[in-house]
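Reader: Hi, I have just opened this structure and I am not sure how to read it. Could you walk me through it?

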Amino acid sequence: PLHTIMKNRAALKDVSLAIDLGHVGKNFLRSAKEICGQRKALKYMPFRINKFFARCVKRATAAIPMRDRSDLQHFNERVQLAQTLFDHAFEHYIRLECPAGCPCNQYYDE
């Protein structure tokens, strides 16, 4: 990937890449569609999981502020939080009731 190449070159290691949630979401959606295939029962699943993914990223962004683009410690914490939240995606979509730790239950606690 591009970020690995840039990190390994001395002249480019301080250049930061912009990560656009829109492009990441489109790539994620395309991959989810490939996984789900043409099965009628899974027709809307890629779209729902993509929205769940975007919500996890946005919650992590709101929960952990960054001073600037070079604040890698807080960026890594955001990534970790988004991954932790997204770990609930499978359970969120296969059960009638979500487990207590599911991010969707956050709204009910407020």
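Reader: Let's begin with helix H3, then: how far should its 19 residues span?

Author: Helix H3 covers residues 45–63, and at 1.5 Å a residue its 19 residues should span 27 Å, which agrees with the 27 Å between its end C-alpha atoms. The expected span is 1.5 Å times one less than the number of residues in the helix. Helices here are DSSP runs of H or I with at least four residues, strands are runs of E with at least two, and both are numbered from the N terminus.

Reader: Where do the numbers and the model come from?

Author: Residues are numbered from 1 along each chain as its sequence is written, and side-chain values use heavy atoms, with hydrogens and water left out. The model is predicted, so local features need pLDDT of at least 70 and side-chain atom pairs count only at pLDDT 80 or more, while totals for chains, interfaces and linings use all residues.

Reader: OK, and how many helices and strands are in the chain?

Author: The chain has six helices and zero strands, and from the N terminus on its elements run α-α-α-α-α-α.

Reader: Back to H3, which of its residues are buried?

Author: The buried residues of H3 include Met45, Pro46, Ile49, Phe52, Phe53 and Cys56, and Arg59 is also one of them. Buried means under 20% relative accessible area, exposed means over 50%, and partly exposed is in between, with a 1.4 Å probe and protein chains only. Across the chain, buried residues make up 24% of the 110 residues.

Reader: Pro46 caught my eye. What does Pro46 touch?

Author: Leaving out residues up to four places away in sequence, Pro46 touches Leu29, Ala32, Lys33 and Cys36, where contact means heavy atoms within 4.5 Å. Pro46 counts as buried because its relative accessibility is 3%. The C-alpha atoms of Pro46 and Ala32 are 5.0 Å apart in space, although the two residues are 14 apart in sequence.

Reader: And Lys33, is that one buried or partly exposed?

Author: Lys33, which lies in helix H2 (residues 21–36), is partly exposed, with a relative accessible area of 40%. Besides Pro46, Lys33 touches Phe47, again not counting residues up to four places away in sequence. Lys43 is ten residues from Lys33 along the chain, and their C-alpha atoms are separated by 8.5 Å.

Reader: So which residues of H2 are buried?

Author: In H2, the buried residues are Gly25, Leu29, Ala32 and Cys36. They cover an arc of only 65° around the axis, which puts them on the same side of H2; the arc is that of the directions from the helix axis to the C-beta atoms. His23, Lys26 and Glu34 are exposed on the other side of H2.

Reader: What do the buried residues of H2 pack against?

Author: The buried residues of H2 pack against H3. Just after H2 comes Gly37, which takes a positive phi of about 70°.

Reader: Changing topic to H4, which of its residues are buried?

Author: Arg78, Ala82 and Leu85 are buried in H4. Seen down the axis of H4, the buried residues fall within an arc of 65°, so they line one face of the helix. They pack against H3 and helix H5 (89–94), whereas Leu72 and Gln73 are exposed on the other side of H4.

Reader: Which residues form the nonpolar patch on the surface?

Author: Leu72, Phe75 and Val79 form that patch, with about 250 Å² of accessible area together. Patches are made of residues with over 30% relative accessible area and no salt bridge (a side-chain nitrogen of Lys or Arg within 4 Å of a carboxyl oxygen of Asp or Glu), joining like charges within 9 Å and nonpolar side chains (Val, Leu, Ile, Met, Phe, Trp, Tyr) within 5 Å. Val79 lies in helix H4 (residues 72–86) and is partly exposed, with a relative accessible area of 33%.

Reader: One last thing: where is His88 found?

Author: His88 is found in the loop between H4 and H5. Not counting residues up to four places away in sequence, His88 touches Phe52, Gly101, Cys102 and Pro103. His88 and Cys56 are 32 residues apart in sequence, and their C-alpha atoms are 9.9 Å apart in space.

How values were computed
Areas by Shrake-Rupley, 256 points an atom, 1.4 Å probe, with all protein chains shown as cover.
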